[in-house]
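Please open the structure in your viewer and keep the selection tool at hand, since this tour moves from one selection to the next and says what can be found at each stop.

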Amino acid sequence: MHNREDNLYYKKRHHLFGKKSLIFFSFLFILGVIFFTTIYDGGLTGGVVKNLNANNSFSVSSETNIPNVNLQGDYSEIVFEISANQNLILGGKKISFDKTSNSLVLKDFSGEINFDQSSVKLLEGKVSEVHINDVPIKDEKNNKMKISLTSGLRYDSINFGEIYLDELNFVGSGKINLGGDIMKINHDEVLIKNLFGEFSIKENKLFFDGLIRSLSITGKDKKISISK
Amino acid sequence: MQKRKYLIKVRRSRKTYFLIYLMDFILISLWGYLYYNGHALNRIALIISAIFIFFTIKLTELHRFKDWWAITSNSFIQSTGIFDKNVREVDFSSISDLDLDQPFFKRILNYGDINVRLFLNETSIKIKNINKPREFIEELQRIMSLNRGQSLIGGEQRKRIKNA
């Protein structure tokens, strides 16, 4: 049986637990509100894309050499043009490209891609559907299939369609058209933040057309930094 | 009224609110991350977070301010409450022993509780979550033994005067 002191102690502990719980659940509630209003609304990148508009971003189109690019995320469609005698592994099976020019389309790709000007060095992830030379390949149970490379994959072009990138940092040469002002770069370091737009690689050039939030170019005789 | 001279005065350590500060830190870091990465910051979520951070800091400071414990040259004082103040002063001669309650987590952060037990049959006084409790006990014991020593000397002198 509890005596008076024990009861008082219990009440006090119980009361304190109530306060702590209230603070903790308030914290969880706020995290939930942040998640649903800021992060979940369109996904982690979707929130940014939705927020990029004429007031807080610049319209940019660029044509530069191809840097080493590492991309990680979800992409609705990636189209590759691939030269002959190359392989990739799809759902545990080896697939060879025998024609002189092959097309490879990855639908709903989620994973990591790393490429430079000559080849795709890394392609690791899952796809819901693959089209090889217009022939669709799907999993029998409609599950996502694993895709990977055996070695580097030489390409003629890659088209990512509209994508979002947090940051793109490279040393490059070419032209950057920033809202009508054309800037020429020659082995300058370029840092672009929050890019959203058409992203493609063809004829040994990287093309981007879309919106960005900030751009900085650092070269031997120039230093430009623009942000909104 | 003459102001009391406290040899030591302590309040709850801010380490007590470590988890609350951690929550505030997580919220601030999350907002910083979202802002830095160019996310659309929802105004309502931002306001709720700011209110939460403001109130937790304000409440922890009020909670900390509510109670204090002090040592004078001959007594131990406990004060609780802000508006309904309850001050209790205990003479050193009433204190039987002191014990330290410091679980693992509190030991790592070097804060804890001290129970001041009394000779009289009543509840002990709990000094809650103070910083460096071991040092506090040592200091309290030192002052108590000093006080007892002085009382003994005082008693001897009174005896001598009486005999003369």
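Begin by selecting Ile89(A), which stands opposite Lys94(A) in E4(A). This is a predicted model, and the two residues belong to a pair of strands, E3 (residues 86–90) and E4 (residues 93–97) of chain A, which run antiparallel and are joined by five bridges. Two residues lie between these strands in their hairpin, and there you can select Gly91(A), whose phi is positive, near 55°.

Next, select strand E12 (residues 205–212) of chain A together with strand E1 (residues 58–64) of chain A, and you will have an antiparallel pair joined by seven bridges. Within this pair, Val60(A) has Gly210(A) in E12(A) as its bridge partner. Now add strand E11 (residues 181–202) of chain A, which also pairs with E12(A) in the antiparallel sense, over seven bridges. Here Phe199(A) is the residue to pick, and its bridge partner in E12(A) is Phe208(A). E11(A) and E12(A) form a hairpin with two residues between them, and Glu203(A), in the turn, has a positive phi of about 50°.

While E11 is still selected, look along this strand of chain A for His187(A). His187(A) is not a glycine, and yet its phi is positive, at about 50°. Is His187(A) buried or exposed? Because only residues with 12 or fewer C-beta neighbours within 10 Å are called exposed, and His187(A) has 10 inside 10 Å, it counts as exposed.

A comparable stop is Asn142(A), found in the loop between strand E8 (135–138) and strand E9 (145–149) of chain A. Its phi is near 60°, which is a positive value in a residue other than glycine. Asn142(A) has 8 C-beta neighbours inside 10 Å and therefore counts as exposed.

From these exposed residues, turn to the interior. Which residues touch the most other members of the largest nonpolar core? Select Ile78(A), Ile158(A) and Leu195(A), for these are the ones that do so among its 36 residues. Strands of chain A that each supply at least two residues of this core include E2 (69–83), E5 (101–115), E6 (119–127) and E10 (153–178). The largest share, nine residues, comes from E10(A). If you centre the view on Ile158(A) and leave aside its neighbours within four places in sequence, you will find it in contact with Ile78(A), Phe80(A), Phe115(A), Ser200(A) and Ile201(A). A second, separate core has 11 residues, and among them are Trp69(B), Phe76(B), Val116(B) and Leu140(B).

Those residues lead to chain B, whose mean pLDDT is 85, with 85% of its residues reaching 70 or more. Where pLDDT is low, the predicted coordinates should not be read in detail. In chain B, select three strands that form an open sheet in the order E5-E6-E7, with antiparallel pairing. Strand E5 (95–101) and strand E7 (125–131) of chain B stand at the edges, each with a single partner strand, so one side of each is left without a neighbour in the sheet. On average, neighbouring strands of this sheet are turned by 20° against each other, direction ignored.

To finish in this sheet, select strand E6 (residues 111–118) of chain B, which is joined to E7(B) by five bridges in an antiparallel arrangement. One residue to pick there is Ile114(B), whose bridge partner in E7(B) is Ile127(B). For the model as a whole, the scores to keep beside the view are ipTM 0.76 and pTM 0.54.

Technical notes: Residues numbered from 1 in each chain as written. Chains lettered and ligands numbered in written order. Predicted model: local features only at pLDDT ≥ 70, side-chain atom pairs only at ≥ 80, totals over all residues. Pairing = 2+ DSSP bridges. Helix = DSSP H or I, 4+ residues; strand = E, 2+ residues; numbered from the N terminus. Axes fitted to C-alpha atoms, helices over the stretch in contact; angles between N-to-C directions. Core = buried A, V, L, I, M, F, W, Y, C linked by C-beta atoms within 7 Å. Buried ≥ 20, exposed ≤ 12 C-beta atoms within 10 Å, placed from the backbone. Contact = placed C-beta atoms within 7 Å. pLDDT = per-residue confidence, 0-100.
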